[in-house]
Amino acid sequence: MSSKQSSKIKVSIIVPCWGHPELARQLVETMKKTADVNFELILVDNGGGVDGGVNPSWVKVVTPTHNLGFSGGNNFGLKYATGEYILYLNNDVIIDHSAWLHKLLIPIERDEKIIVGHELVKDNGYSKYRGELHDYLNGWCILAPKKLVDKIGGFDSGFGLGWF
């Protein structure tokens, strides 16, 4: 059941959008298939990424004063999140299964000290932090308990286009 049907929000889905408003419209349409978890959808309009065609009551469109990039856009959207869990999602994702969000939540509901993502990038030779290589979750789909996101402090805006 989505937030369209219930006032208790379990997952806040934050989507930074920059350009390509058709992707935001497409994502909203495919999110209608998500019927298994209460959610809210927060679209961060980082510059022309959302238009008037995206206006269901269960979608929040928030607009910073300027393009904050990937990290900053996600952090800006977090300010508006009311869910128990935070899902960072790219605007070009197409939902094709109604239980996708429930399946992502299963491991986190068992252990609220973990972060779930679609892809762990290992040994790519480029992901350096403080001079050392590190593995990372690919930023297009990352789910974590809000308490953990608050403790970590969100994305590091110092990485610019990086997904850290």
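Which residues are exposed on the other side of α3? The legends below address this in a predicted model.

**View 1. Overview of the predicted chain.** Four helices and ten strands make up the fold. Their order along the sequence is β-α-β-β-α-β-α-β-β-β-β-β-β-α. Of the 164 residues, 46% are buried. Among contacts with a separation of 6 or more, 73% join residues 24 or more positions apart. The exposed area is about 8700 Å². Carbon and sulfur atoms supply 54% of that area.

**View 2. The two sides of α3.** Trp100, Leu101, Leu104, Leu105 and Ile108 are the buried residues of this helix. They lie on the same side of α3 because they span an arc of only 115 degrees around the axis. Lys103 and Arg110 are exposed on the other side. The buried residues of α3 pack against β1, α1, β2, β4, β5 (116–117) and β10.

**View 3. The largest nonpolar core.** This core holds 28 residues. Val11, Ile13 and Leu87 have the most contacts inside it. Two or more residues come from each of β1 (11–17), α1 (21–31), β2 (39–45), β4 (85–89), α3 (100–110) and β10 (141–145). The largest share, five residues, is from α3. Another core lies apart from this one and has 14 residues, including Ile14, Phe70, Ala81 and Phe155.

**View 4. Surroundings of Val11.** Neighbours within four places in sequence are left aside here. Val11 then contacts Val37, Asn38, Phe39 and Glu40, among others. Its partners also include Gly83, Tyr85 and Leu87. Leu101, Leu105 and Leu143 are in contact with Val11 as well. Of these partners, Leu101 and Leu105 are buried residues of α3.

Terms used. Residues numbered from 1 in each chain as written. Predicted model: local features only at pLDDT ≥ 70, side-chain atom pairs only at ≥ 80, totals over all residues. Heavy atoms only, no water. Core = buried A, V, L, I, M, F, W, Y, C linked by side-chain atoms within 4.5 Å. Buried < 20%, exposed > 50% of the residue type's maximum accessible area, 1.4 Å probe, protein only. Contact = heavy atoms within 4.5 Å. Arc of directions from axis to C-beta. Areas by Shrake-Rupley, 256 points an atom, 1.4 Å probe, with all protein chains shown as cover.
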